[in-house]
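Biologist: I should like to learn how the features of a model such as this one are read. Could we begin with the idea of a contact and proceed from there?

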Amino acid sequence: MPLLHVPIIDIEPFLQGDDRAKRAVAAEVDRACRDIGFLIISGHGVAPELLARMRAVSNAFFDLPMPDKLRVAQPAKDVTRGYIGIEQESVGRSRDATATAGDLNESLMIGPVDAVDPAYAAAPAAGKHFAPNLWPEAPAELRDTFSTYYREMGQLATQLMRIFALGLGLDEHHFDTSVDKHISRLRVRNYPAQSETPVPGQIRAGAHSDYGSLTILATEDKPGGLQVFNAAGEWVDVPIVPDCFIINIGDLMARWTNDAWVSTLHRVVNPPADAGAASRRLSVVFFHNPNYDAEIRCIPTCTGDAPKYPATTSGEHLRTLFVATQNA
Ligand SMILES: O=C(O)CCC(=O)C(=O)O
Ligand SMILES: [Fe+2]
């Protein structure tokens with residue numbers, strides 16, 4: 001019987017532990033990724049104060065007048081940087097070309113914060129994955145806080161990829177060289193309180209799956225939250241557990257495992273009409289993506305089946321999916 005709800009897994013024994021403790025964590029994570037593609041982690045070691053700072057600077061940014069936010073507007077559809085306004089994106093289109101309703105959230109996004117070899121960053125295959133970040137002038141602490149958080153999430157994601165490797169029966173360090181120059185994106189999403197009824201079919205974030213290797217989400221318990229589509233075909237709420245992160249795998253990881261693991265459909269629903277006024281919600285989302293030139297070729301031992309997908313690269317896979325969801 002597959003898991004039908006998102007499990008909570010303490011990863012501290014992996015971060016601290018001996019070989020047996022590590023394998024026990026990896027086995028639980030493997031089961032979650034196979035069955036439902038989502039898990040909640042405790043014992044991750046990230047300081048709650050850092051998250052509190054992230055939330056404070058992010059809310060302060062979204063509270064700025066629109067002209068200030070537009071100073072760091074996303075420069076082009078294939079550049080995953082800057083401010084994206086309400087209804088400018090329909091994430092549902094990554095899976096359903098007919099999903100056109102604009103999502104009811106606004107967001108601010110950054111990419112890598114530390115310099116890599118300039119020739120590597122400027123190579124044609126790098127595309128826009130090392131485009132410069134657009135930093136708002138206010139709030140003043142935003143740049144430092146986002147950069148610290150980005151680095152911290154990069155480290156946590158590397159550990160999660162090690163758990164993944166072990167869970168898939170590979171050497172713990174199997175993915176290390178594919179993620180040492182990761183092109184992850186940190187995106188904060190503000191879901192404003194809802195005073196008007198959305199148009200039919202329009203929700204806070206349309207049903208989609210994430211694109212990359214894994215996502216690390218910190219959100220808050222507000223009316224109108226995250227739901228995942230389980231193996232029984234039901235939408236189930238993801239519980240918000242204090243000081244825990246919600247982790248899910250993305251399409252790239254599913255493809256890498258030859259679909260042994262699932263990149264699960266999820267969405268953010270509208271609050272009930274009578275709770276709309278108190279429903280403002282902030283999500284801090286770290287989309288972990290391997291190096292742009294990491295080759296994503298179905299790992300033969302994951303299923304024993306013939307590869308379902310041709311080999312691709314992380315950079316190409318991500319660019320295609322992101323561009324498809326941006327509205328004119
Ligand atoms: O805000 C959330 O809870 C989830 C957001 C999400 O799924 C995404 O940004 O891909
Ligand atoms: Fe998502």
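Modeller: Two residues are in contact if their C-beta atoms, placed from the backbone, lie within 7 Å. Please bear in mind that this model is predicted.

Biologist: With that in hand, which residues does Arg 280 contact, leaving aside its neighbours within four places in sequence?

Modeller: Arg 280 is in contact with Tyr 191, Pro 192, Ala 193 and Lys 222, once neighbours within four places in sequence are left aside. In sequence, Arg 280 and Lys 222 are 58 residues apart, while their C-alpha atoms are 7.2 Å apart in space. Arg 280 is found in the loop between E11 and E12.

Biologist: Why does Arg 280 count as partly exposed?

Modeller: A residue is buried with 20 or more other C-beta atoms within 10 Å of its own, and exposed with 12 or fewer. Arg 280 has 18 C-beta neighbours inside 10 Å and therefore counts as partly exposed. Val 285, in strand E12 (residues 281-288), is partly exposed because 19 other C-beta atoms lie within 10 Å. Leaving aside neighbours within four places in sequence, Val 285 is in contact with Arg 187, Arg 189, Thr 215 and Leu 217. Of these, Arg 187 is 98 residues from Val 285 in sequence and 5.2 Å from Val 285 in space, C-alpha to C-alpha.

Biologist: Let us turn to the interior. How many residues has the largest nonpolar core?

Modeller: In soluble globular proteins, nonpolar side chains tend to be buried together. Here the largest nonpolar core has 69 residues, and those with the most contacts inside it include Val 29, Phe 38, Leu 160 and Ile 163. Helix H6 (residues 142-167) gives the most to this core, with eleven residues. Apart from neighbours within four places in sequence, Ile 163 is in contact with Ile 11, Phe 14, Val 25, Ala 26 and Val 29.

Biologist: Which residues of H2 are buried, and what do they pack against?

Modeller: Helix H2 (residues 19-35) has 17 residues and reaches 24 Å from its first C-alpha to its last, close to the 24 Å expected at 1.5 Å a residue. Its buried residues are Lys 22, Val 25, Ala 26, Val 29, Ala 32, Cys 33 and Asp 35. The buried residues of H2 pack against strand E1 (8-10), helix H1 (12-16), strand E2 (38-42), H6 and strand E10 (245-249).

Biologist: How should the packing of H2 on H6 be described?

Modeller: Two packed helices are described by the angle between their axes and the distance between the axes. The axes of H2 and H6 come within 8 Å and cross at roughly 85°. H2 is therefore roughly perpendicular to H6. By class, their contact has eight nonpolar, one polar and three charged residues. Among the residues of H2 that meet H6 are Arg 23, Ala 27 and Asp 30, and those of H6 include Phe 164 and Leu 166.

Biologist: Finally, which backbone features deserve a second look?

Modeller: Most residues other than glycine have a negative phi, and most peptide bonds are trans. Asn 258 has a positive phi of about 60° although it is not a glycine; Asp 259, also not a glycine, has a positive phi of about 70°. Asn 258 is found in the loop between helix H7 (251-256) and strand E11 (266-268), and Asp 259 is placed in the loop between H7 and E11.

Biologist: Is Asn 258 buried or exposed?

Modeller: Asn 258 is buried, because 20 other C-beta atoms lie within 10 Å. Asp 259, with 15 such atoms within 10 Å, is partly exposed. As for peptide bonds, a cis bond joins Ala 138 and Pro 139, with omega about -5°. Pro 139 lies in the loop between helix H5 (118-122) and H6.

Key
Residues are numbered from 1 along each chain as its sequence is written. Chains are lettered from A and ligands numbered from 1 in the order in which they are written. This is a predicted model: local features need pLDDT of at least 70, side-chain atom pairs count only at pLDDT 80 or more; totals for chains, interfaces and linings use all residues. A nonpolar core is a set of buried Ala, Val, Leu, Ile, Met, Phe, Trp, Tyr and Cys residues joined through C-beta atoms within 7 Å. Helices (H or I, at least four residues) and strands (E, at least two) are DSSP runs, numbered from the N terminus. The expected span of a helix is 1.5 Å times one less than its number of residues. Axes are lines fitted to C-alpha atoms, for helices over the stretch in contact, and angles run from 0 to 180 degrees between N-to-C directions. Angles under 35 degrees count as roughly parallel, over 145 as roughly antiparallel, 65 to 115 as roughly perpendicular and the rest as oblique. Ala, Val, Leu, Ile, Met, Phe, Trp, Tyr, Cys and Pro count as nonpolar, Asp, Glu, Lys and Arg as charged, and the others, Gly among them, as polar.
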